[in-house]
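This report goes through one protein chain, from its overall layout to its core and its surface. The sequence and the structure come next.

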Amino acid sequence: MAHHSRPDPVTLDVIDLIGDVVARYHAEYEQAAAQHSLTGAQAKLLGLLTLEPTPMRRIARKLKCEPSNVTGIVDRLEQRGLVERRADPNDRRVKIAAATDEGVRTICRLRDSLDFAREPLAGLTQGERETLRDLLRRMLGETPPGEGPAGPAV
């Protein structure tokens, strides 16, 4: 049986700070979405689709929700002209959702209005931002581009 000791004060401090950052980012993101008459979920889905047209099931996996929820969100975004459905050229049975030009413009305006993360990050040097990014990726178990699973080659 593993013995779990109480985290050290620095670890507890980091946990609290990450929680504060997440809460502030989430609140600002929801507020920015609302200024564009979107829910947070609609804005997240639309933001995902601005990267690439995506099959509905993959959207559900990425957003960690049920495919039926994605269908409803896409329905509402489609009604507003922000998203369109297409048949997958590789498999006509699969439906792909894609951001329209207006959807891309909407997400660009929404992202431009997010000051919370941008302003504090601007106070860091390029190297500090890269270090923060790399540490966050490591915490999430993501492998940065150009590195193997064990980290950078030495």
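In what order do the elements of the protein chain run from the N terminus on? They run α-α-β-α-α-β-β-α-α-α, where helices (H or I, at least four residues) and strands (E, at least two) are DSSP runs numbered from the N terminus. The chain has seven helices and three strands. The radius of gyration, taken over C-alpha atoms, is 19 Å, well over the 15 Å that the globule rule gives for 154 residues, so the chain is more spread out than a compact globule. That rule is 2.2 Å times the number of residues to the power 0.38.

This is a predicted model, in which local features need pLDDT of at least 70 and side-chain atom pairs count only at pLDDT 80 or more, while totals for chains, interfaces and linings use all residues. Residues are numbered from 1 along each chain as its sequence is written, and side-chain values use heavy atoms, with hydrogens and water left out.

Some values for the whole chain are as follows.

| Property of the protein chain | Value |
|---|---|
| Box filled by the C-alpha atoms, along the principal axes | roughly 50 × 35 × 35 Å |
| Exposed area | about 11000 Å² |
| Part of the exposed area from carbon and sulfur atoms | 55% |
| Buried part of the 154 residues | 25% |

The areas come from the Shrake-Rupley method with a 1.4 Å probe; for residues, only the protein chains shown count as cover. Buried means under 20% relative accessible area.

In the largest nonpolar core (buried Ala, Val, Leu, Ile, Met, Phe, Trp, Tyr and Cys residues joined through side-chain atoms within 4.5 Å), L38, L45, L46, I59, L77 and L110 touch the most other members of the 23. Helix 1, helix 2 (40-51), helix 3 (56-63), helix 4 (67-79), strand 3 and helix 5 each give two or more residues to this core. Helix 2 gives the most, with five. Leaving aside neighbours within four places in sequence, L77 is in contact (heavy atoms within 4.5 Å) with L38, Q42, L45, L46, L82 and V83.

T100 lies in the loop between strand 3 (91-99) and helix 5 (101-112). T100 counts as buried because its relative accessibility is 15%. Not counting residues up to four places away in sequence, T100 touches G81, L82, V83 and E84.

On the surface, V10, V14, I18, V22, L121, L132, L136, M139 and L140 make a nonpolar patch of about 790 Å². Such a patch joins nonpolar side chains (Val, Leu, Ile, Met, Phe, Trp, Tyr) within 5 Å, from residues with over 30% relative accessible area and no salt bridge, that is, no side-chain nitrogen of Lys or Arg within 4 Å of a carboxyl oxygen of Asp or Glu. Helix 1 (9-35) and helix 7 (126-139) each supply at least two of its residues. Helix 1 gives the most, with four.

Technical notes. Patches are made of residues with over 30% relative accessible area and no salt bridge: like charges are joined within 9 Å, nonpolar side chains (Val, Leu, Ile, Met, Phe, Trp, Tyr) within 5 Å. Buried means under 20% relative accessible area, exposed over 50%, partly exposed in between (1.4 Å probe, protein chains only).
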